[in-house]
Amino acid sequence: TKKVYLENDANAAAWAEYKIGASRGSSVSVMLTLGTGVGGGIIINDKLLKGKSGAAGEMHFKMYPDKRRKCTCGSWDCFEIYASGTALKLTAEEMLNDKNITTYDIIEGVKQSNKKMTEILNKWQDDIIIGIKGLANIFDPDCIVLSGSMAQFVDIKKVEYEVNSDIVTTPTSIRHATAGNYAGMIGISLLALS
């Protein structure tokens with residue numbers, strides 16, 4: 001017989017960041033994965049926070065109380081429907097009244113200094129900042145690490161400034177992930193070995 005170790009991919013990636021990446025040496029760290037959806041992981045004092053049923057760190061919390069956007073989970077106004085790649089497209093659709101816009105169109109527009117596309121990206125980033133402020137106030141982390149395909153489009157310095165200007169905890173560091181595309185596999189291996 002062989003032992004099998006299972007873990008959520010974002011938790012595993014958070015562990016990799018904690019052991020060899022951007023949050024190495026942090027006693028409290030939060031990692032957000034920004035991709036098609038949103039996930040994450042939380043490390044507190046060398047332990048992966050899993051919750052009573054393993055769902056801790058899913059980053060699925062309410063952003064607004066007034067039913068603005070339906071989330072893929074079936075509920076309304078979850079962080080994921082404002083902070084993911086899907087959310088960037090929805091933000092653009094709302095601001096441009098155009099269902100055919102893609103995230104590629106937005107990023108290309110930003111690269112070409114298109115004012116409207118930059119406004120869309122900034123609105124999306126502002127929603128991410130709101131979520132990060134809440135996480136910073138709840139967990140008081142040394143750092144918050146942003147990973148995933150959409151994280152590369154986040155202005156880390158601006159996010160860090162905005163977050164630290166409006167939280168009640170001590171300042172936190174906002175960082176891009178550094179463990180790479182195989183962070184989940186690295187993290188699960190490190191977790192299994194420990």
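The side chain of Asp-142 reaches the backbone nitrogen of Ser-27 at 2.7 Å. Keep in mind as you look that this is a predicted model. To find Asp-142, go to the loop between helix H5 and strand E4, which covers residues 143–147. With a relative accessible area of 35%, Asp-142 is partly exposed. Setting aside neighbours within four places in sequence, its contacts are Ser-26, Ser-27, Val-28, Thr-172 and Ser-173. One of those partners, Ser-173, sits 31 residues away from Asp-142 along the chain, yet their C-alpha atoms are separated by 6.4 Å.

Now step back along the chain to H5 itself, residues 115–139. What length should we expect for a helix with 25 residues? At 1.5 Å a residue, H5 should span 36 Å, and its end C-alpha atoms are indeed 36 Å apart, so the two values agree. At the start of H5, Asn-114 has a side-chain oxygen that comes to within 3.0 Å of the backbone nitrogen of Lys-116. At the other end, H5 is followed by Asp-140, which has a positive phi, near 50°.

Asp-140 also turns up in the surroundings of Thr-169. Thr-169 lies in the loop between helix H6 (156–164) and strand E5 (173–176). Is Thr-169 buried or exposed? Its relative accessible area is 19%, and the cut-off for buried is under 20%, so Thr-169 counts as buried. Apart from neighbours within four places in sequence, Thr-169 is in contact with Ala-136, Asn-137 and Asp-140. With Ala-136 there's a polar link too: the Thr-169 side chain reaches the backbone oxygen of that residue at 3.3 Å.

Next, have a look at Tyr-64, in the loop between E3 and H2. Tyr-64 counts as buried, at 15% relative accessibility. Its side chain makes a polar contact of 2.7 Å with the side chain of Asp-127. Beyond residues up to four places away in sequence, Tyr-64 touches Asp-77, Tyr-82, Lys-123, Asp-127 and Ile-130. As for Asn-137, a contact of Thr-169, its C-alpha atom is separated from that of Tyr-64 by 17 Å, with the two positions 73 residues apart along the chain.

On to helix H3, which runs over residues 85–96. Its 12 residues should span 16 Å at 1.5 Å a residue, and the end C-alpha atoms are 17 Å apart, which agrees. At the start of H3, a side-chain oxygen of Ser-84 reaches to within 3.4 Å of the backbone nitrogen of Thr-86. Just after H3 comes Asn-97, with a positive phi of about 55°. Which residues of H3 are buried? They are Gly-85, Ala-87, Leu-88, Thr-91, Ala-92 and Glu-93. Their cover includes helix H2 (80–83), H4 and H5.

How do H3 and H4 sit against each other? Helix H4 takes in residues 103–111, and the two helices pack at an angle of about 75°, with their axes 9 Å apart. Angles from 65 to 115 degrees count as roughly perpendicular, so that's the label for H3 and H4. On the H3 side, the contact is made by Gly-85, Leu-88, Lys-89 and Ala-92, while H4 brings Thr-103, Ile-106 and Ile-107. Sorted by class, this contact has 4 nonpolar, 2 polar and 1 charged residues.

Closer to the beginning of the chain numbering, there's a little turn to explore. Most residues other than glycine have a negative phi. Asn-45, however, has a positive phi, near 50°, and Asp-46 has a positive one near 65°. You'll find Asn-45 in the loop between strand E2 (38–44) and strand E3 (47–48), and Asp-46 is in the loop between E2 and E3 as well. Asn-45 counts as exposed, because its relative accessibility is 55%. Asp-46 counts as partly exposed, at 39%.

Finish with Asn-11, in helix H1 (residues 9–20). Asn-11 is buried, with a relative accessible area of 1%. What does Asn-11 touch, not counting residues up to four places away in sequence? The list is Gly-40, Gly-41, Leu-48 and Ala-56. There's also a polar contact of 3.0 Å joining the side chains of Asn-11 and Glu-7.

Conventions
Residues are numbered from 1 along each chain as its sequence is written. This is a predicted model: local features need pLDDT of at least 70, side-chain atom pairs count only at pLDDT 80 or more; totals for chains, interfaces and linings use all residues. Side-chain values use heavy atoms; hydrogens and water are left out. Helices (H or I, at least four residues) and strands (E, at least two) are DSSP runs, numbered from the N terminus. Buried means under 20% relative accessible area, exposed over 50%, partly exposed in between (1.4 Å probe, protein chains only). A polar contact is a pair of N or O atoms within 3.5 Å; within protein, one must be able to donate a hydrogen and the other to accept it, and residues adjacent in sequence count only if both atoms are side-chain atoms. Contact means heavy atoms within 4.5 Å. Axes are lines fitted to C-alpha atoms, for helices over the stretch in contact, and angles run from 0 to 180 degrees between N-to-C directions. Angles under 35 degrees count as roughly parallel, over 145 as roughly antiparallel, 65 to 115 as roughly perpendicular and the rest as oblique. Ala, Val, Leu, Ile, Met, Phe, Trp, Tyr, Cys and Pro count as nonpolar, Asp, Glu, Lys and Arg as charged, and the others, Gly among them, as polar. The expected span of a helix is 1.5 Å times one less than its number of residues.
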